[in-house]
Amino acid sequence: MLIKRPNDIRASEITDESVYWNRRDFIGTTAGAAVAAAMPFVPGFVRAEQDEKLTPYDAVTSYNNFYEFGTGKADPSRNAHTLRVRPWTVAVEGEVHKPKVFDIEEILKSFPTEERVYRLRCVEAWSMVIPWMGFPLGSLLRAVEPTSRARFVEFVTLHDPEQMPGQRRNVLPWPYIEGLRLDEAMHPLTLLATGLYGEILPNQNGAPIRLVVPWKYGFKSIKSIVRIRLVSEQPHTTWNVALPHEYGFYANVNPDVDHPRWSQKKERRIGKLFKQDTLLFNGYAAEVADLYAGMDLTRYF
Ligand SMILES: Nc1nc2c(c(=O)[nH]1)N[C@H]1C(S)=C(S)[C@@H](COP(=O)(O)O)O[C@H]1N2
Ligand SMILES: [Mo]
């Protein structure tokens, strides 16, 4: 079996456990088999979210932001079938001693897959709790040996309007680009995800490999990555370039720093009726607040 059930999530707390288990069976059979075989698995790494219900699989995979496939929430699940996820390579380059173009199969074999249940909080004030499959970004970065000049990491999504119809429209400057400070990128919570709910990553969630940075707004978690570049200057990131007064480079979840057009104090957990309080750093303050010691979070929003 590819995946052991995380022993600190009680079955009763998993909203749609039956779906979860069905998906896991799927991995043993059809299309998932090749990938499952290529994914070494380290069981049992699940964190503080055990008190929370997982967002149902159907919501996680049908309510998405992936503007390359349209700006409506249902567009990616309808349209992302045109994305071809094999063959796929990820170039890791820039300020590194050992630049390398990784084949996705090599990535899946080289970096043992863990399950991580993380909250994802969109800047639009909705949120989900998702069981991701993946491995720490830091493991990949260490493999290419960053130079002493590396201070930031830039991530780039595939640019191919033929596969990504949304890129034929100028809703955003393409390709989608995101960035992290090197210490944020090396933080053990920062994940490169290759699956969710025990299944290979659905196209609409950013197949075959996407970033997950749980203490930042969802837009930092860039999908369908083809290039990771270590750089000495802060990268120009897509949403910051498009609307600089609304979206900063840091994009840390912060209930006390409102978006200019709406409050960030509360969020709607998808599948729940009532709004709930948004937590500083999305609830990960104990792990990540140190990264921002002494910084004015209103200025560096
Ligand atoms: N390439 C790319 N990555 C992207 C986006 C996008 O439009 N294009 N949307 C972002 C936003 S705004 C959010 S909230 C998350 C949503 O991830 P999910 O659909 O897997 O929940 O993806 C992020 N990554
Ligand atoms: Mo978002």
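**Talking through the pockets and the ligand**

Modeller: The largest pocket holds about 500 Å³ of space. Of the 29 residues lining this pocket, the closest to its centre are Asn 65, Cys 122, Tyr 176, Gly 218 and Phe 219. This is a predicted model, where local features need pLDDT of at least 70, side-chain atom pairs count only at pLDDT 80 or more, and totals for chains, interfaces and linings use all residues. Residues are numbered from 1 along each chain as its sequence is written, ligands are numbered from 1 in the order in which they are written, and side-chain values use heavy atoms, with hydrogens and water left out.

Colleague: What makes a space a pocket and not a cavity?

Modeller: On a 1 Å grid over the protein atoms alone, a cavity is a set of points where a 1.4 Å probe fits but cannot get out, whereas a pocket is an open set with protein on both sides within 12 Å along at least five of seven lines. Lining residues have an atom within 4 Å of a point. The volume is the space filled by probe spheres set on the points, which are joined across faces, edges and corners.

Colleague: Which strand gives the most to the lining of the largest pocket?

Modeller: Strand E5 (residues 126–136) does, with four residues. A strand here is a DSSP run (E, at least two residues), numbered from the N terminus.

Colleague: Where does ligand 1 sit?

Modeller: Ligand 1 takes the space of the largest pocket. A molecule sits in a pocket if more than half of its atoms lie within 2 Å of the grid points.

Colleague: Which residues are closest to ligand 1?

Modeller: Asn 64, Tyr 67, Glu 68, Ser 221 and Lys 223 are the closest of the 16 that surround ligand 1; a residue counts as near if one of its heavy atoms lies within 4 Å.

Colleague: Why is the pair between ligand 1 and Lys 223 called a polar contact?

Modeller: The term covers a pair of N or O atoms within 3.5 Å. An oxygen atom of ligand 1 is 2.7 Å from an N or O atom in the Lys 223 side chain, so this pair meets the cut-off. Likewise, a nitrogen atom of ligand 1 lies 2.8 Å from an N or O atom in the side chain of Glu 68. The protein buries 98% of the 530 Å² that ligand 1 exposes when taken alone, with areas from the Shrake-Rupley method and a 1.4 Å probe.

Colleague: Which peptide bond leading to Pro 175 is cis?

Modeller: The one from Trp 174, with omega near -5°. Pro 175 lies in the loop between strand E6 (152–157) and strand E7 (177–181).

Notes: A polar contact is a pair of N or O atoms within 3.5 Å; within protein, one must be able to donate a hydrogen and the other to accept it, and residues adjacent in sequence count only if both atoms are side-chain atoms.
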